[in-house]
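Colleague: Hey, I'm new to this one. Can you walk me through a few spots?
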Amino acid sequence: MNSILQCIFATELLMGYFLSGDFTTELNLKSPMKGQLANSFTSVVEEALKPSSPSTSRCLNPSRFKRQIDNWAPQFAGYNQQDAQEFLRFMLDGLHEDLNRVTVRPRFTYKDIDVDKLSDVDKARFSWHRYHASNCSFVFDLFGGQLQSTVTCHSCSHPSTTFDTFWDLSLPIPKTSNGSDAAPVSKCTLTDCLLEFAAKEVLGELYRCDNCKSRVTASKRLQIYKCPEVLVLHLKRFTYSRYSRDKIETSVKFPLKRLSLESIMTQTPGHDQIVYYDLFGISNHMGGLGGGHYIAHTKNWDTGLWYEKNDGIVTQVDEGRIESLGRSSYVLFFQKSRQQ
């Protein structure tokens with residue numbers, strides 16, 4: 001929890017929203033948590049970002065917020081180590097519900113067959129507005145993006161396109177083939193992981209093609225149509241099977257500035273233009289599965305300085321230290337660059 005909270009505290013636009021008090025006008029008292037999660041989170045933010053002198057050291061005790069998280073997502077109750085990315089998803093979802101501007105969700109009367117007849121541009125617009133009609137919060141305004149999924153029939157080459165929202169992207173780490181076996185590469189770039197995410201994948205089951213009316217082999221590809229203001233990238237470092245769990249130690253090289261998503265952007269008309277992102281936070285998983293530990297590295301938005309935050313110990317570090325975190329980086333936080 002601590003490493004994710006530190007990265008969220010470094011999210012400038014989100015902190016401005018809570019510290020300004022703007023959120024109080026958007027509290028949704030009809031949400032499952034009745035606004036309690038957002039209120040307790042605000043108390044943590046105010047305490048964490050309270051001005052202090054350089055000689056003053058203090059530790060934050062987010063126990064009230066932890067209790068509200070436990071109520072919202074009981075699987076996080078207790079103090080066993082949990083997956084950082086999973087915690088982030090549940091926390092953002094809970095804050096989104098508490099701050100959802102929609103108090104009465106609309107009832108839709110359209111039929112899926114009618115949506116399928118739309119052009120891709122109109123499908124994208126319809127899908128976005130349909131989601132936004134029920135999910136409209138400042139949290140989503142920052143973290144929400146849109147994916148295009150294209151399934152292509154191998155028999156008649158007919159493409160079928162759908163659009164879905166996303167809050168983060170889980171990126172696979174590339175593998176190298178060695179005969180019949182495949183193993184993760186020893187090192188790669190973040191762009192390599194993005195390309196792996198967007199690579200065409202043959203579906204494991206036969207697909208019902210609407211064009212040739214047959215069950216056929218088909219491939220699927222994911223691409224970005226709409227870019228979020230804050231981009232969260234999760235590296236899929238943990239693998240699970242019936243008999244074992246493993247951590248992938250691949251060193252992933254990432255840029256501190258001007259990450260481009262151009263390589264995985266769709267060419268469907270209406271898509272976002274080239275967007276660049278700057279890194280401001282990393283949740284790192286140090287060590288192995290048995291004795292692993294999460295720490296955070298975050299960038300101060302006023303000074304531009306980087307800090308390592310390991311529970312109660314905070315240390316200023318240089319950019320070289322950040323660039324050396326390729327093997328431990330797990331969840332990376334980027335914001336749209338102010339200089340596009």
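Modeller: Sure, and keep in mind that this is a predicted model. Let's start with Ser127, which touches Gln146, Phe163 and Asp164, leaving aside residues up to four places away in sequence.

Colleague: OK, which helix does Ser127 lie in?
Modeller: Ser127 is part of helix α7, which covers residues 120–134.

Colleague: And is Ser127 buried or exposed?
Modeller: Buried: its relative accessible area is 7%, and the cut-off for buried is under 20%.

Colleague: What lies 2.8 Å from a polar atom of its side chain, I mean that of Ser127?
Modeller: That's the backbone oxygen of Phe163.

Colleague: Switching to the sheet: what order do the strands have?
Modeller: It's an open sheet of four strands, running β2-β1-β10-β7 with antiparallel pairing. β2 (159–166) and β7 (201–202) are at the edges with a single partner strand each, so one side of each has no neighbour in the sheet.

Colleague: Does α7 come into this, and what does it touch there?
Modeller: α7 packs on the sheet and touches β1, β2 and β10. The direction of α7 makes about 30 degrees with that of β2.

Colleague: How many bridges are there between β1 and β10?
Modeller: Eight, in the antiparallel sense, between β1 (residues 145–153) and β10 (residues 218–226). Ser149, for instance, has Leu222 in β10 as its bridge partner.

Colleague: Last one, α9. Which of its residues are buried?
Modeller: In α9 (residues 190–197), those are Leu190, Cys193, Leu194 and Phe197. They sit on the same side of α9, because they cover an arc of only 100 degrees around the axis.

Notes:
Residues are numbered from 1 along each chain as its sequence is written. This is a predicted model: local features need pLDDT of at least 70, side-chain atom pairs count only at pLDDT 80 or more; totals for chains, interfaces and linings use all residues. Side-chain values use heavy atoms; hydrogens and water are left out. Buried means under 20% relative accessible area, exposed over 50%, partly exposed in between (1.4 Å probe, protein chains only). Helices (H or I, at least four residues) and strands (E, at least two) are DSSP runs, numbered from the N terminus. The arc is that of the directions from the helix axis to the C-beta atoms. A polar contact is a pair of N or O atoms within 3.5 Å; within protein, one must be able to donate a hydrogen and the other to accept it, and residues adjacent in sequence count only if both atoms are side-chain atoms. Contact means heavy atoms within 4.5 Å. Two strands pair if DSSP finds at least two bridges between them. Axes are lines fitted to C-alpha atoms, for helices over the stretch in contact, and angles run from 0 to 180 degrees between N-to-C directions.
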